[in-house]
Amino acid sequence: MSNQNDHHEPSEKPPGRKEMSRRQFLAYTLGGATAFMAMGPVLPMVRFAVDPILHKKGEGEFIKVVEESKITDEPQEFSFELQQQDGWYASKATLTAWIRKDEKGKIYALSPICKHLGCTVGWNNDKNFPDEYHCPCHGARYNKLGKNLAVAPKPLDTYKLKLQDGWVYLGQVEPNTEVK
Ligand code: FES
């Protein structure tokens with residue numbers, strides 16, 4: 001006598017390798033497509049978020065300052081505006097430079113920031129020391145090239161400079177290499 005229960009057919013086949021692969025394939029495909037579609041709007045946001053960090057501040061930037069023809073061998077003070085980006089905060093700074101040309105016509109631009117403690121120097125502004133830069137804070141003095149003569153430990157910095165279409169353009173401030 002046979003027992004029906006002995007003749008047991010499994011109601012469901014154990015999951016075969018082929019069936020699992022198909023399921024996995026569908027899951028991966030759908031998951032991948034969803035992730036890809038989700039990244040569409042996210043990527044520009046990520047780029048927006050990190051963009052200011054990836055760009056170094058003002059590097060390689062030059063600002064049009066003054067016509068070359070206005071530069072004389074006597075240092076003159078010129079102001080210009082620099083667009084600054086500090087992370088996501090944009091602002092404008094007004095900078096000044098003392099610009100002159102030498103006897104060969106080469107143009108130089110000095111930073112007015114005193115190398116003692118950071119006050120602002122002026123040209124020919126102390127009757128006792130004519131034809132020098134003088135700092136009113138503690139009496140630092142510099143010659144026409146920016147060489148430190150008293151108080152300050154270093155020469156005045158220079159601006160990177162380029163000439164284009166008859167205009168003087170200024171860039172980053174860098175250590176003065178014209179004087180020792
Ligand atoms: S800051 Fe210029 S002399 Fe001190």
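## The β3–β4 hairpin

Lys-101 has Ile-107 of β4 as its bridge partner. This pair belongs to an antiparallel pairing of β3 and β4 that runs over four bridges. The model is a predicted one. Five residues lie between the strands of this hairpin, and Gly-105 takes a positive phi near 95° there.

## Overall make-up

The protein contains one helix and 10 strands. In sequence order the helix comes before the strands, giving the pattern α-β-β-β-β-β-β-β-β-β-β. The chain has 180 residues, of which 16% count as buried. Of the contacts between residues at least 6 apart in sequence, 43% join residues at least 24 apart.

## The nonpolar core

The largest nonpolar core has 19 residues. Those that touch the most other members are Ala-97, Ile-99, Ala-109, Leu-110, Val-121, Tyr-142 and Leu-170. Strands β3 (89–101), β4 (107–110) and β10 (167–174) each supply at least two residues of this core.

What is Ala-97 in contact with, leaving aside its neighbours within four places in sequence? The list is Val-65, Phe-78, Ala-109, Leu-110, Ser-111, Tyr-159 and Leu-170. Ala-109 and Leu-110 are named with Ala-97 among the core residues that touch the most other members, and so is Leu-170.

## Pairing around β10

Strand β10 pairs with β1 (residues 63–67) in the antiparallel sense over four bridges. It also pairs with β9, again antiparallel, over six bridges. Trp-167 of β10 appears in both pairings: Glu-67 stands opposite Trp-167, and Gln-164 stands opposite Trp-167 as well.

Gln-164 lies in strand β9 (residues 158–164). Gln-164 and Glu-67 are 97 residues apart in sequence, while their C-alpha atoms are 9.6 Å apart in space. Is Gln-164 buried or exposed? Gln-164 counts as exposed because it has 10 other C-beta atoms within 10 Å, and the cut-off for exposed is 12 or fewer.

## The β9–β10 turn

The hairpin of β9 and β10 has two residues between the strands. Asp-165 is placed in this loop, with phi near 50°, a positive value in a residue other than glycine. Most residues other than glycine have a negative phi. Asp-165 is exposed because 8 other C-beta atoms lie within 10 Å.

## The four-strand sheet

Four strands form an open antiparallel sheet in the order β5-β6-β7-β8. Why is one side of β5 and of β8 left without a neighbour in the sheet? Strands β5 (122–123) and β8 (148–150) stand at the edges and have a single partner strand each, so one side of each is free of a neighbour in the sheet.

Strand β5 pairs with β6 (residues 133–134) in the antiparallel sense over two bridges. In this pairing, His-134 of β6 is the bridge partner of Gly-122. The loop between β5 and β6 holds Asn-124, a residue other than glycine with a positive phi, near 55°. Asn-124 counts as partly exposed because it has 14 C-beta neighbours inside 10 Å, a count that falls between the cut-offs of 12 or fewer for exposed and 20 or more for buried.

Notes: Residues are numbered from 1 along each chain as its sequence is written. This is a predicted model: local features need pLDDT of at least 70, side-chain atom pairs count only at pLDDT 80 or more; totals for chains, interfaces and linings use all residues. Two residues are in contact if their C-beta atoms, placed from the backbone, lie within 7 Å. A nonpolar core is a set of buried Ala, Val, Leu, Ile, Met, Phe, Trp, Tyr and Cys residues joined through C-beta atoms within 7 Å. Two strands pair if DSSP finds at least two bridges between them.
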